[in-house]
Number of protein chains: 2
Amino acid sequence: MTVTLKEVAERAGVSRSAVSRTFTAGASVSVKTRRKVEQAADELGYSPNALASSLTTGRTKLIGLISNNFHNPLFLEVFDLFTRSLQDRGLRPLLVNLSDETDPANSLRLLRQYSVDGVVVASSTLSPEFSLAFHNARIPIVHSFGKFANAPKVHVVGIDNIECGRMAARTLLARGYRRIAFLGGPADATSTIDRRAGFREVLRDTSGVDYSESHATAYSFDAGRSEMQRLLRCPPAEAYFCGDDVLSIGALSAIEEQGLLVPQHVGLIGLNDMAMARWQNIDLTTIRQPIRQIIDSSIELVMAMIDTPDRLPEARLFACDIIERGTLRPLQQTE
Amino acid sequence: MTVTLKEVAERAGVSRSAVSRTFTAGASVSVKTRRKVEQAADELGYSPNALASSLTTGRTKLIGLISNNFHNPLFLEVFDLFTRSLQDRGLRPLLVNLSDETDPANSLRLLRQYSVDGVVVASSTLSPEFSLAFHNARIPIVHSFGKFANAPKVHVVGIDNIECGRMAARTLLARGYRRIAFLGGPADATSTIDRRAGFREVLRDTSGVDYSESHATAYSFDAGRSEMQRLLRCPPAEAYFCGDDVLSIGALSAIEEQGLLVPQHVGLIGLNDMAMARWQNIDLTTIRQPIRQIIDSSIELVMAMIDTPDRLPEARLFACDIIERGTLRPLQQTE
DNA sequence: TGAGTCTTTGCAACCGGTTGCAACACTTCC
DNA sequence: GGAAGTGTTGCAACCGGTTGCAAAGACTCA
């Protein structure tokens with residue numbers, strides 16, 4: 001059925017080693033042999049079996065890509081970039097959908113069975129312990145979009161969510177808002193915890209600020225919308241920092257439905273800058289997370305770990321910036 | 001480093017075959033041996049290497065998942081369902097991002113190197129020829145969301161886009177619209193071609209209808225928006241059937257920006273019923289595509305082909321239904 | 001021409017499993 | 001007790017590749 005090394009060797013009139021070597025970069029083969037082999041391979045339509053060779057080389061070029069964010073449109077961009085970036089480097093993504101599973105044991109077993117060279121966890125909600133299990137099993141792992149720690153046990157690449165919280169707070173203060181609230185994602189998501197911490201830190205220390213907090217049950221449109229509906233039953237804050245863009249859009253929908261205007265009556269700032277945020281009917285002011293850099297850096301890091309497994313864990317953080325659109329009152333208009 | 005069969009065999013005091021057999025369903029092992037092996041395996045933390053075994057069994061349980069739709073939010077739902085559904089059956093998705101590549105040769109080589117058991121192409125825009133290349137290479141393949149043909153050369157699972165076009169046309173007629181237009185996706189996308197054909201077929205035969213067509217350059221928000229902006233420079237039609245939901249949302253944004261009201265001034269119907277369509281600030285009337293059934297059926301079909309490779313190609317089509325929301329005037333209000 | 005060096009080549013063992021086959025063990029039944 | 005039948009086990013070959021090693025070949029230079 002499928003063409004093997006042996007058949008090519010026979011047709012080319014050389015040994016199996018010779019064939020193997022023509023398909024191995026850097027191996028020693030004469031031009032003459034190489035040509036014979038290549039011709040035979042062409043005629044038979046041969047292409048080497050990556051799995052068989054992985055048996056001896058110990059490299060499969062498979063990278064496990066684990067995520068539990070299959071409902072946040074941002075992650076379609078993330079998957080797009082991850083898969084392309086991996087492909088460009090000759091690696092193949094083996095996708096694992098965690099949905100609501102949080103025990104690493106299953107994923108670990110699965111990815112070990114397929115001898116992946118490394119693993120990337122792409123999730124803003126999974127705890128560092130999840131990735132730690134892979135680290136302990138001595139599988140190269142990088143947690144992208146994960147929680148930053150000063151002394152990380154596992155490589156983490158992402159943004160400083162605490163600093164983003166501070167940035168959101170300063171932005172709102174600079175625009176003269178004084179009744180300010182945090183509308184977070186799930187209270188146990190690491191990203192929400194950190195963003196809240198930074199946001200709260202700045203606002204609690206500022207006199208004259210009326211600060212409050214609440215949480216949606218998920219990073220989703222519906223959750224953002226219903227939490228905002230609840231908030232609107234009392235007089236709302238002047239401005240909200242929402243856990244992420246999807247949440248913001250849900251909140252926006254609730255606000256507009258009440259007949260209130262954004263930014264005239266309520267201000268809103270999100271986080272992520274997903275494609276939808278710049279849709280003109282949404283036009284969300286938000287904090288941009290540099291996902292392309294995060295992803296490229298994650299892949300570089302996981303490749304580096306494959307070569308030098310004992311590399312000490314590091315945290316790579318990227319700066320975020322504010323994307324000014326239409327959901328906050330302009331800067332000059334301070335009180 | 002990693003624990004192998006041999007080590008387990010030595011520890012358990014049995015042959016390698018015995019170990020292999022305890023991990024192979026349906027193989028003949030006595031209870032006593034099985035217990036010894038299981039204990040040894042537990043103690044060593046052994047789990048069998050799926051790739052090594054694939055060498056002899058000829059099955060990797062890897063399924064290639066090919067797509068070029070990494071910008072349409074619908075496909076996040078699609079990937080979610082595909083990966084979960086595959087996992088539930090013990091299969092692993094090897095993801096291939098086609099981005100702008102349309103030559104099957106590369107993907108074919110790649111997936112052949114990894115000896116995938118089967119391939120699912122999830123794309124509404126790829127031509128049937130793409131999948132045909134896999135079929136000719138005798139790799140089990142199913143094209144999901146693909147173009148329906150009466151005598152398909154490759155298994156295709158999806159909807160009858162022509163019938164959807166007719167359905168949209170009838171819906172608009174029933175609501176009394178008479179100046180009706182088609183706002184399609186790229187003119188060479190198979191889905192657009194078929195939807196247009198069905199739509200046109202009904203409307204051309206109906207007297208008193210003023211029918212027109214145009215195309216956006218992509219299935220995207222921006223493309224839908226700018227095409228609608230262009231259309232609005234002349235007096236617009238009373239109602240539009242848009243190529244898909246993202247396009248509809250772009251069009252919606254352009255219409256509202258002009259100060260026109262939906263559905264009072266312009267009616268709109270989309271196709272897909274992606275999650276966003278039911279967001280209250282969009283509230284799009286659309287044709288629902290039963291993606292869960294399409295996906296489950298695709299996976300069943302590809303699994304069936306693995307067992308019986310010579311199965312004749314079939315087209316499996318699923319009925320769509322109209323989801324009534326707020327972008328068309330109500331039924332009773334006929335002229 | 002011949003010694004020394006560098007390159008190319010094939011052999012054979014190995015990677016981590018599976019499986020046909022024959023030998024063996026254990027029942028069952030006459 | 002022995003024959004027949006069933007269930008279990010290990011041997012050895014195999015899946016499709018890679019690679020250390022030693023031998024062969026090509027080349028350089030005196």
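Student: What covers the buried residues of α9(A)?
Tutor: Let's start with the residues themselves, keeping in mind that this is a predicted model. The buried residues of helix α9 of chain A are A:S191, A:T192, A:D194, A:R195, A:R196, A:G198, A:F199 and A:L203. Their cover is made up of several elements of chain A, including α8, β6, β7, β8 and β9.

Student: How far apart are the end C-alpha atoms of helix α9 of chain A, and why does that agree with its 15 residues?
Tutor: Helix α9(A) runs over residues 190–204 and holds 15 residues. The expected span counts one less than the number of residues, at 1.5 Å each. That gives an expected 21 Å for α9(A), which agrees with the distance between its end C-alpha atoms because that distance is also 21 Å.

Student: In what order do the six strands of the open sheet in chain A stand?
Tutor: The pairing in this sheet is mixed. At its edges stand β7 (210–215) and β12 (321–323) of chain A, each with a single partner strand, so each has one side without a neighbour in the sheet. From one strand to the next, the twist averages 25°. Read across, the order in chain A is β7-β6-β8-β9-β10-β12.

Student: Which residue in β7(A) stands opposite A:F182?
Tutor: Look at strand β6 of chain A, residues 179–184, which is joined to β7(A) by six bridges. The two strands run parallel. Across from A:F182, the residue in β7(A) is A:E213.

Student: What angle does helix α11 of chain A make with β9(A)?
Tutor: It helps to take helix α8 (residues 161–174) of chain A beforehand: α8(A) lies across β6, β8, β9, β10 and β12 of chain A and runs at about 155° to β9(A). Helix α11 (residues 245–257) of chain A also packs on the sheet, where it touches β6, β8, β9 and β10 of chain A. The direction of α11(A) makes an angle with that of β9(A) of about 155°.

Student: Is strand β5 of chain A mostly covered or mostly uncovered, and how many of its residues are buried?
Tutor: Strand β5(A), residues 155–159, has partners that you can trace in the structure. Strand β4 (residues 141–144) of chain A runs parallel to β5(A), joined by three bridges, with A:H143 opposite A:V156. Strand β11 (residues 315–318) of chain A also pairs with β5(A) in the parallel sense, over four bridges, and here A:G158 faces A:L317. Strand β5(A) is mostly covered, and the number of its residues that are buried is five of five.

Student: Which element gives the largest share of the surface near DNA strand D?
Tutor: DNA strand D is surrounded by 28 residues, with A:L5, A:S20, A:S53, B:S15 and B:L55 the closest. Elements giving two or more residues to this surface are α2 and α4 of chain A, together with α2, α3 and α4 of chain B. By class, the surface holds nine nonpolar, 15 polar and four charged residues. The largest share is five residues, and it comes from α4(A).

Student: And which element gives the largest share of the surface near DNA strand C?
Tutor: Around DNA strand C there are 28 residues, of which A:L55, B:L5, B:S17, B:S20 and B:S53 come nearest. Two or more residues each come from α2, α3 and α4 of chain A and from α2 and α4 of chain B. The classes here are nine nonpolar, 15 polar and four charged. With five residues, the largest share comes from α4(B).

Student: Which element supplies the largest share of the side of chain A that touches chain B?
Tutor: The contact takes 38 residues from chain A and 38 from chain B. On the side of chain A, at least two residues each come from α4, α5 (74–88), β2 (92–97), α6 (104–113), α10 (221–231) and α11. By class, this side has 17 nonpolar, 13 polar and eight charged residues. The largest share, seven residues, comes from α5(A).

Student: Which residue in β7(B) stands opposite B:I180?
Tutor: Chain B has an open sheet of six strands in the order β7-β6-β8-β9-β10-β12, with mixed pairing. Within it, strand β6 (residues 179–184) of chain B runs parallel to β7(B), and six bridges join them. Opposite B:I180 in β7(B) stands B:Y211.

Technical notes: Residues are numbered from 1 along each chain as its sequence is written. Chains are lettered from A and ligands numbered from 1 in the order in which they are written. This is a predicted model: local features need pLDDT of at least 70, side-chain atom pairs count only at pLDDT 80 or more; totals for chains, interfaces and linings use all residues. A residue is buried if 20 or more other C-beta atoms lie within 10 Å of its own, exposed if 12 or fewer, and partly exposed in between; C-beta atoms are placed from the backbone. Two strands pair if DSSP finds at least two bridges between them. Axes are lines fitted to C-alpha atoms, for helices over the stretch in contact, and angles run from 0 to 180 degrees between N-to-C directions. Two residues are in contact if their C-beta atoms, placed from the backbone, lie within 7 Å. A residue is near a molecule or strand if its C-beta atom, placed from the backbone, lies within 6 Å of it. Ala, Val, Leu, Ile, Met, Phe, Trp, Tyr, Cys and Pro count as nonpolar, Asp, Glu, Lys and Arg as charged, and the others, Gly among them, as polar.
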